[in-house]
Amino acid sequence: MKLSIFFETPIAVQIHMICAVSCLFLGLYMLLSKKGTKHHKQVGWVWVLLMLATATSATFIHQLRMIWIFSPIHIFVPVTFIGLFSGIRHARAGRIAAHRASMRSMYWGALCIPFAFALLPDRVLAYMFGTRDLEWFPMALVAAIVLGVGAYYRWEPFWKKSIQRLLSAN
């Protein structure tokens, strides 16, 4: 890993990367830890604030200018704002299943999928991890795995019910 590349990037990229990586680890902890406790709520608010900082800092990153100063990956910024608002609204209204679904969607859709894109060649993370010279196939494989796991967690209740129906039919 070449950390020197990190320190050569603009401050917006540094803030974005620190917040995003923090969100990845903290979000994984949240997905695996006990839900509904005071600790869950406190750590959840930290995660929400880090997600807001991640999305906000992304608006200042303009290396891939495809649509004016933005690139297609910037679509995750409003998706993140809407998803966080939705998840908080569901939790406050006591709709815990909807809150869980929103937050899982945020974790996979607003963190893991963009992270997979960030590993593609000629991106900062590809230079840092030394994967810049790899062909697209390994990176596509990483993206497919992330998308597959994300799809499973996003639609986990559907998959569980489908498997139960199949087992009870026999």
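Which helices each supply at least two residues of the nonpolar patch? The legends below take that up, for a model that is predicted.

**View 1. A nonpolar patch sits on the surface.** The helices in question are α7 (136–154) and α8 (156–169). The patch is formed by Ile 145, Val 149, Tyr 152, Tyr 153, Trp 155, Phe 158, Trp 159, Ile 163 and Leu 167. Together these residues have about 890 Å² of accessible area.

**View 2. Here's Tyr 152, a patch member in helix α7.** With a relative accessible area of 35%, Tyr 152 counts as partly exposed, because that label covers anything from 20% to 50%.

**View 3. Now for the largest nonpolar core, a set of 19 residues.** Trp 47, Met 51, Leu 84, Met 106, Tyr 107, Leu 111 and Cys 112 touch the most other members. Two or more core residues come from each of α2 (11–32), α3 (38–58), α5 (96–118) and α7. Helix α5 chips in the largest share, with eight residues.

**View 4. Zooming in on Tyr 107 and what it touches.** Leaving out residues up to four places away in sequence, Tyr 107 touches Cys 23, Leu 24, Gly 27, Leu 28, Leu 31, Trp 47 and Cys 112. Apart from the largest core there's another one, of 10 residues, including Ile 5, Ala 12, Met 17 and Leu 119.

**View 5. How confident is the predictor, and where?** Mean pLDDT for the protein is 81, and 85% of its residues reach 70 or more. Confidence is highest in α3, at a mean of 94, and lowest in α7, at 70. Keep that in mind for View 1: α7 is one of the helices supplying the patch.

How values were computed. Residues are numbered from 1 along each chain as its sequence is written. This is a predicted model: local features need pLDDT of at least 70, side-chain atom pairs count only at pLDDT 80 or more; totals for chains, interfaces and linings use all residues. Side-chain values use heavy atoms; hydrogens and water are left out. Patches are made of residues with over 30% relative accessible area and no salt bridge: like charges are joined within 9 Å, nonpolar side chains (Val, Leu, Ile, Met, Phe, Trp, Tyr) within 5 Å. Accessible areas come from the Shrake-Rupley method with a 1.4 Å probe; for residues, only the protein chains shown count as cover. A salt bridge is a side-chain nitrogen of Lys or Arg within 4 Å of a carboxyl oxygen of Asp or Glu. Helices (H or I, at least four residues) and strands (E, at least two) are DSSP runs, numbered from the N terminus. Buried means under 20% relative accessible area, exposed over 50%, partly exposed in between (1.4 Å probe, protein chains only). A nonpolar core is a set of buried Ala, Val, Leu, Ile, Met, Phe, Trp, Tyr and Cys residues joined through side-chain atoms within 4.5 Å. Contact means heavy atoms within 4.5 Å. pLDDT is the predictor's confidence in each residue, from 0 to 100.
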